[in-house]
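The following report describes selected features of one protein chain for a reader who is new to structural biology. Please keep the sequence and the structure in view while reading.

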Amino acid sequence: MVTGENTQMVPTENVCVADEEKILCIVRDMIDTQCHGVRHNINLPASTTVRDLISQVAQQFGYVEDTIGVTYEKQIGAEIHEVNLNENEGRKLCDICLTGMRKHNFTITEKEGTLPQKTESGTSAGTSSSTSGISGASGTSSSYYNGASTSTSTDTCLAYPESYSYATAVIKSDTGYVGLVNQAMTCYLNSLLQTLYMTPEFRNAVYRWEFDGREEDMAKSIPYQLQKLFLLLQTSKKKAIETTDLTKSFGWDSSEVWQQHDVQELCRVMFDALEMKWKKTDQANLINNLYQGKLKDYVKCLECGNESARLDTYLDIPLVIRPFGSNETHGSVDEALQAFVEPETLDGNNQYFCEKCNKKCDAHKGLKFVSFPYMLTLQLKRFDFDYSTLHRIKLNDKMSFPGVLNLNHLIEPEHSGSEESTTSHTLEESSDEGIDEGIEIESSTTGPSSENSSLSSEAAANDKNAKTAGAKGPYVYELFSIMVHSGSAAGGHYYAYIKSFKDGLWYSFNDQHVAKITYDDITKTYGGSSTSRGYYSAAYTSSTNAYMLMYRQIDKQRNKDFIQPENFPEHLKKALQKLKDREEQEIRQRELDKSTCKIKVYYFHPREKRKMEQKLEVHKDKTLKEATEICSKLFCVDKSISLDCCRLVKFDEYQDTLECSFEDEDDTPMGLLLGGVKQAYNFDLLLETKRPEQVFQEYRPGGVTVKLYVADLQNDIIQEPPISVRAYHAQTVAEFKHMVAEVLNVSAAQMRCVLERFHNDLKFLSVPNKTLKTEGFFKSNKVYVEYSGEEDTTHFTHTHFFRLLNRHQNTIRIHVNLPSKSVVEDYLKSYSRHEQLLKNAITSLKSREDSSTSLEIRSKNGSDPLDEGISDTGSDSEIYFELKKRTVSLLGPASSPSGQSSSSQYTSNNADFKSEENWDSDCDNDVMITKEEASKRYFHIVHNALDLLTKQRNLTVLVDKRITLGAFKKELEPHVGTSSDNFKVYRVYSNNQEFESIRLTETLSFFEDGKLNIKLGRALKPGEYRVKIYQLLLNDAEPGKFLIDTIFAKGMSVLESKKLIIPEIKEQCGIDIPLERCRLRKKTWRNPGTVYVDNQIYEDEVHISANWEVFLQILGGPEEMNTTSQLAIFVRRWRPSTYELDLFQEVILSSQTVDDLKEKISEISGIPVEDIEYAKGRGTFPCDISLLEIHSDLDWSPHVTSLNSWPLYICDDGCVLYYRDKTEKLAELSESRKKELQEKENARMARGTVRSSCSPRKESSQNLHR
């Protein structure tokens, strides 16, 4: 709101109250958590004071009047601003509330951070007087979870307990427990963390651990962040706390929280990470002591009774719900555990070889539990794979579980004699993939009372005692955590039902919401339904069911209670105090922020000629003068410009307009001037400065902003930056000129003003008495000013002023990166040699008798053969340069394109469509010769820099965007250091991708403030192709190594191309290749293909295309491949006795028969022909296969006589064959040797695998930095 605008509504005196305008006030209580969302409607006259409104609200809601705060939600456009009514008690409602609105929203808040006080009755007027305690199934919880209407005013409001404080009031649950905020899809993490927190032994152990590292390492320490999180869960007064610090210690980035994982997998990974961090500490064996059990994997002979077994350890037990191939499901955990230890009978073809019986016998194979852990984790395998639909499914079948679980009947004592080996056993379960559906539980708050249906502490204790009274053995467990999954196999939501060991009650921990639950809620997690629907029943039943169960062993000696704050270790007390201090600091900062105006301030720096930006943070009680002083220091102008020469004005940065100035408001508080403290303002501020003798112009609302650009005809430039002035639509052109003259301190007599209404739309302001509105001024305008008086203004479009403006409007700034001078010099040396070799090759082509591909182009009016080539891709033909010479002689020396900067341009009729990729055919004989441009386009270097590290040169160029690319390249010639024929122009886009610009006749209009890279390399001539040469390395992990980029010509022979590239490879790569040992062959991705023989001709016999790639193979001896009828095949020997593969060898076959192949293999290997077995490799070159699979997986020695028949189909060069000696026996590998070989093979195959850059999305595995 601009000061000076009177928008107040003052009621007239002696108005009848009945006739006075009413304001409907809808007041909502955000203080009392028990009455969360209660609203009252109060209809008050518009003349009511704010003080009376607060009194009415306090009475209606049962608060002491002077202890509450009330805010008004003032909606301006799409934004809602909160107005603190306690600061405006003397004003009337009509002054505060917006006009034209039927309803006005008010909110009860704390007053200055202090908790409001209730009246003695403790209840709100008009509400129920019932103050009965809220059970675990309270109506409040039901309303909250089920999204009940918040407009009711009949909910019960309870008095605050003595320990209540507002820092915890509106947020902390009445259960006393704190929730965890779901970052995005971290519900699975939250449910696991709450379970671990509610485990006394685990929480106490985490508390006992002390961080002894550096303070900067705390953020990366998982145990420290877990300890801090548990500390906040126990002591925080908030409703929910963040887990971001913990996930950052995992090493997760922001994308990890958007990926939902399996809670059991996360549990495993977190335990591994904690074990790594707790090494050599008192907690080193914590995970194993609490969660690790032992089981025996055995095979028992049914004839002699001999048993072979080994011990394995486990952290959780996976329980199958529906066995594979079965229609029946296990109905309870007891049944699933019994099935888990049920042995499998090995009989028939699957008999077990008993060493004692020395024969194959029937046997039992299975698992037996040796010991159970203190904390027992059961994973219910609800996710399965449907082989009929080939999709993952979730099994929602019913599986009940007891509150007390006796496992003593499943135990088998551990005997050291039966142990063969002890290995770490890992049970993997694929994690769920998809989106977090955010499904919440339905609290049974409308059911029976807590006395009848909730599982109370006493009932739980009696049930436990009853079941353990007759138990024999130590392994009796009580259920304390149920991790629930709600959703499908494609995605869902995790939350946890956890039993408190403190009071024996069950609670739902659903992200930030914590509530008491009933026993009925627990039974609902069994899954299934009351009626059976057959095999597909799971598709029709509830998708909310238990997924992971945690039990604690009932052991009076081991069962612990939680450590209370008064018994915290000393290091934990210090950490707690540190957290409290930080929280208090945050509260103080929030209070300070409520009184701080934060707004952007801009300043146009006169020397640096740019707009600067700062963020002004000023207390709402600071005056405008004090704020101006702060801004002058922010922009460092306080020492050079006095405070009297500075002022702040209202500014719209988005539209770049001046809104208004604050006249005579130096002592006005900023809070009042800016319209209060807000989250964001819909305007900005601008710091203006002036000369001491100058007077600030008053900016009244409703004006227009004009940016003045001064034209300097003498220097032929437009001065920047522009000067902003305020004008008004009612002003005449003469008045506007007079105002501009005062600002510029010049005479208005000879002043010429030109308005730029739109781009390239200039209007000369020549009529003095016309208003600015008539001339077409908008809210923001550009005006060019010239006051030299040197020109006649009769014909404006013929003046120097107009030409300067026309050029200025079409001038763009381009940043050009040039190669270093040394790179240019090296290129020119190699280029001259390459051109000479290419010229010799073309000369030899012309001398051939059968040279049907000789280039012979004749012009329309003559028959002179022209041998010159095209200079630039996509613009000029070969004949063009010969004609260009003749044209230059006709135009005279002034337009000759010499080595100096020039803008001369030439075009041909095929310039618009010829491109580098389309030079497959000869150019048209019809050539149109056009004269060069009538005028030279503007080209000016404003910045020339050298990168000291790379020696790359950087130019900043101001250029007329109407210049063509060809002329632009001509202008760059002296700066690059070579002619435009020898470099190419690449446009760089915002993502740093670059593309070559090849159309020389196109203008630079699309390069608006762009970036260009200049690369060396000449453009192609007709019949030429760019070729990339790769060296073929048969026995390397990456078979193709890039060597050079070169040019081949149509009609060139393979031999001539070899002579062309060998010197280039020697110069650029340092590889000296004898001509007789150089071979070129087709390259298809990684695969080496057809071998090219010396007498083959490109285009005629060897197909060549744009951006062609070929392999260069350095042979071990002279070339044996002389004709295209021969066949070159790669072979490798497999040695089964040593599990080794020899290196690649190549054989040249004169005929495509198996006999010829075996003879060649026999020659290089020494294996008799009759003992040779062979198999074709699979996949792409080099056709890798594991050494453990090659002997059995390949199709060895197929019954064929010809190589080009099934299943070989060897018709081209480059195929891979494996061979072996059939008399060589396969070695028998020990387990250790097999494991070692498997690891090496996995590493080798991984190195040789080429991964696709584009793959379907799938869930990534859990990863915690250790």
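In this predicted model, the buried residues of helix 1 are Val50, Leu53, Ile54, Val57, Ala58 and Phe61. These residues cover an arc of only 135° around the axis, so they lie on the same side of helix 1. The elements against which they pack are strand 1 (22-29), strand 2 (39-45), strand 3 (68-76), helix 2 (93-96) and strand 5 (103-110).

Helix 24 may be described in a similar way. Its buried residues are Val1054, Glu1056, Ser1057, Lys1058, Leu1060, Ile1061, Ile1062, Glu1064 and Ile1065. The table sets out the spans of the two helices and the glycine that follows each of them.

| Helix | Residues | Number of residues | Span, first to last C-alpha | Expected span | Residue just after the helix, with its positive phi |
|---|---|---|---|---|---|
| Helix 1 | 50-61 | twelve residues | 17 Å | 16 Å | Gly62, about 80° |
| Helix 24 | 1054-1069 | 16 residues | 21 Å | 22 Å | Gly1070, about 70° |

In helix 1, the span is close to the value expected at 1.5 Å a residue, and the span of helix 24 is likewise close to its expected value.

The report now turns to strands. Strands of a sheet pair through backbone hydrogen bonds, and the pairing may be parallel or antiparallel. One open sheet in this protein is formed by six strands in the order 37-38-36-41-39-40, with mixed pairing. Strand 37 (939-946) and strand 40 (994-997) stand at the edges of this sheet; each has a single partner strand, and therefore one side of each is left without a neighbour in the sheet. On average, and with direction ignored, neighbouring strands of the sheet are turned by 30° against each other.

Within this sheet, strand 36 (residues 811-818) pairs with strand 41 (residues 1011-1016) in the parallel sense, over three bridges. His815 stands opposite Lys1011 of strand 41. Helix 23 (residues 965-976) lies across strand 36, strand 37, strand 38 (953-960), strand 39 (983-988), strand 40 and strand 41, and runs at about 110° to strand 39.

An antiparallel pair is found elsewhere in the chain: strand 22 (residues 506-510) and strand 23 (residues 513-516) are joined by four bridges. Phe509 has Val514 in strand 23 as its bridge partner. The two strands form a hairpin with two residues between them, and Asp511 in the turn has a positive phi of about 55°.

Individual residues may also be examined. Is Ser486, in strand 20 (residues 476-488), buried or exposed? Ser486 has a relative accessible area of 2%, which is under the 20% limit, and therefore counts as buried. Its side chain makes a polar contact with the side chain of Thr544, at 2.8 Å.

Ile641 lies in a loop, between helix 16 (624-634) and strand 27 (646-652). Which residues does Ile641 contact, leaving aside its neighbours within four places in sequence? They are Tyr603, Cys646 and Thr689. Ile641 and Arg691 are 50 residues apart along the chain, and their C-alpha atoms are separated by 8.6 Å.

Finally, some totals describe the whole protein. It contains 27 helices and 51 strands. Of its 1266 residues, 46% count as buried. Among contacts with a separation of 6 or more, 70% are between residues 24 or more positions apart.

Terms used
Residues numbered from 1 in each chain as written. Heavy atoms only, no water. Pairing = 2+ DSSP bridges. Axes fitted to C-alpha atoms, helices over the stretch in contact; angles between N-to-C directions. Contact = heavy atoms within 4.5 Å. Buried < 20%, exposed > 50% of the residue type's maximum accessible area, 1.4 Å probe, protein only. Polar contact = N/O pair within 3.5 Å; in protein donor to acceptor, adjacent residues only side chain to side chain. Expected span 1.5 Å × (residues − 1). Arc of directions from axis to C-beta.
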